[in-house]
Amino acid sequence: MITEPGLAEAAQLFKVLGSESRLGLLRLIGAEPRTVGVLVEATGMSQPLVSQHLRTLRQVGLVTTSRTGREVTYALADRHVAHVIEDALAHVQEPHPTDQPTRSTP
């Protein structure tokens, strides 16, 4: 078994990022901090589902909250997460060697 420091934590991070809904929420929050109501409107998800995903993201330290009265605003805990998501999106959108036509050699 590989026992590199931080490997288990990184695997847990990727597990949490394995949800398309959570990735979408992180992209929105990464652009600017947002409230649950704004996230519900932007995603079309139900308020309980958005809140559940945000709770998961908060528990693993990916988002932070600030409260103004009854309104809670969610923000990225740090920009590293945004970079991981941006890199993953760039990776899946670039052509891969198996997508390119093969050249025949004479």
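**Helix packing in a predicted model**

Me: Over residues 2-96, how far apart are the end C-alpha atoms?
Reply: In this predicted model, local features need pLDDT of at least 70 and side-chain atom pairs count only at pLDDT 80 or more, while totals for chains, interfaces and linings use all residues. Residues are numbered from 1 along each chain as its sequence is written, and side-chain values use heavy atoms, without hydrogens or water. Over residues 2-96 the chain is 62% helix and 15% strand (DSSP runs numbered from the N terminus: H or I of at least four residues for helices, E of at least two for strands). The end C-alpha atoms of that stretch are separated by 29 Å.

Me: Which feature does UniProt list for residues 2-96?
Reply: The annotation comes from an unreviewed entry, and such annotations may be inferred rather than shown by experiment. For residues 2-96, UniProt lists "domain: HTH arsR-type".

Me: In which element is confidence highest?
Reply: Mean pLDDT, the predictor's confidence per residue from 0 to 100, is 91 for the protein, with 92% of residues at 70 or more. Confidence is lowest in helix 1 (residues 7-17), at a mean of 91. At 98, it is highest in strand 1.

Me: How are helix 2 and helix 5 oriented to each other?
Reply: The axes of helix 2 (residues 20-31) and helix 5 (residues 79-93) come within 10 Å and cross at roughly 120 degrees. Axes are lines fitted to C-alpha atoms over the stretch in contact, with angles from 0 to 180 degrees between N-to-C directions. Angles under 35 degrees count as roughly parallel, over 145 as roughly antiparallel, 65 to 115 as roughly perpendicular and the rest as oblique. The two helices, helix 2 and helix 5, are therefore oblique.

Me: How many charged residues are in the contact of helix 2 with helix 5?
Reply: Leu23, Leu26, Arg27 and Gly30 of helix 2 are in contact (heavy atoms within 4.5 Å) with Arg79, Val81, Ile85, Glu86 and Leu89 of helix 5. Asp, Glu, Lys and Arg count as charged, Ala, Val, Leu, Ile, Met, Phe, Trp, Tyr, Cys and Pro as nonpolar, and the others, Gly among them, as polar. The contact of helix 2 with helix 5 has five nonpolar residues, one polar, and, as charged residues, three.

Me: How is helix 2 oriented to helix 4?
Reply: The axes of helix 2 and helix 4 (residues 47-59) come within 10 Å and cross at roughly 80 degrees. Helix 2 is therefore, with respect to helix 4, roughly perpendicular.

Me: Which residues of helix 3 does helix 2 meet?
Reply: Helix 2 and helix 3 (residues 36-43) pack at about 120 degrees, with axes 11 Å apart. From helix 2, Leu25, Leu28 and Ile29 meet Leu39, Ala42 and Thr43.
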